[in-house]
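Me: I am new to this structure. Please show me how to read it, one feature at a time.

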Amino acid sequence: MVQEAMSAITPNEHITEEETKMVVSLFESFGKAEIVPESLMDAVVGVSGSSPAYVYMFIEAMADGGVRLGLPRDVAYRLASQTLIGAGMMQKETQLHPGILKDQVCSPGGITIKGVETLEENGFRNAVLKAIKESN
């Protein structure tokens, strides 16, 4: 719907390089495409296929937090959505490890590192890892 799909393509031995290029070009007409071995397609589903639901849940939770602090819901959704777009683009464009980018946002003794600590204490990474594992 927004021309930003992420597709994984697994050509086999019956597909020529030229045919593969045509398929990639077709898929890239509505997003991005990555060639992966068939043995990794389950992982692709977990990371890319099911995860939009998790991102929507994260946006909703971020907005709920903003509403709890007094933001109007429509403003909270716009702030949360654009923040995810910007953060995703930053990692994609810079190719920096997400941990480096996180560290760049966290001031020593600041409020962001306190929020990161709270997410870690509540199993944020573990929950994401388990969701992706269960989604393949």
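Me: In what order do the elements run from the N terminus on?
Reply: Start with the order of elements. This is a predicted model, and its chain runs β-α-β-α-α-α-α-α-α. That makes seven helices and two strands.

Me: What radius of gyration does the chain have, and what would a compact globule have?
Reply: Set the chain beside a globule of equal length. A compact globule of 136 residues would come near 14 Å, but the chain has 18 Å. The C-alpha trace spans about 55 × 30 × 30 Å along its principal axes.

Me: What share of the residues is buried?
Reply: Buried means under 20% relative accessible area. Here 14% of the 136 residues are buried. The accessible surface of the chain is about 10,400 Å², and carbon and sulfur atoms hold 62% of that.

Me: How many positive and negative side chains are there?
Reply: Count each set, then find its centre. There are 11 positive and 18 negative side chains, with the two centres 11 Å apart.

Me: How many aromatic pairs are there?
Reply: Rings pair if their centres lie within 6.5 Å. The count is two. In one, Phe-27 and Phe-30 sit 5.6 Å centre to centre, tilted with 50° between the planes.

Me: Why is the pair of Phe-58 and Phe-124 tilted?
Reply: Look at the angle. Their planes stand at 50°, so the pair is tilted; the centres are 5.9 Å apart. This pair links distant parts of the chain: Phe-58 is in helix H3 and Phe-124 in helix H7, 66 residues apart.

Me: What are the relative accessibilities of Phe-58 and Phe-124?
Reply: Phe-58 has 32%, so Phe-58 counts as partly exposed. Phe-124, at 35%, is partly exposed too.

How values were computed. Residues are numbered from 1 along each chain as its sequence is written. This is a predicted model: local features need pLDDT of at least 70, side-chain atom pairs count only at pLDDT 80 or more; totals for chains, interfaces and linings use all residues. Side-chain values use heavy atoms; hydrogens and water are left out. Helices (H or I, at least four residues) and strands (E, at least two) are DSSP runs, numbered from the N terminus. The radius of gyration is taken over C-alpha atoms; the globule rule is 2.2 Å times the number of residues to the power 0.38. Buried means under 20% relative accessible area, exposed over 50%, partly exposed in between (1.4 Å probe, protein chains only). Accessible areas come from the Shrake-Rupley method with a 1.4 Å probe; for residues, only the protein chains shown count as cover. Lys and Arg count as positive and Asp and Glu as negative; His and the chain ends are not counted. The place of a charge is taken as NZ of Lys, CZ of Arg, CG of Asp or CD of Glu. Rings of Phe, Tyr and Trp (its six-membered ring) pair if their centres lie within 6.5 Å; planes under 30 degrees apart count as stacked, over 60 as edge-to-face and the rest as tilted.
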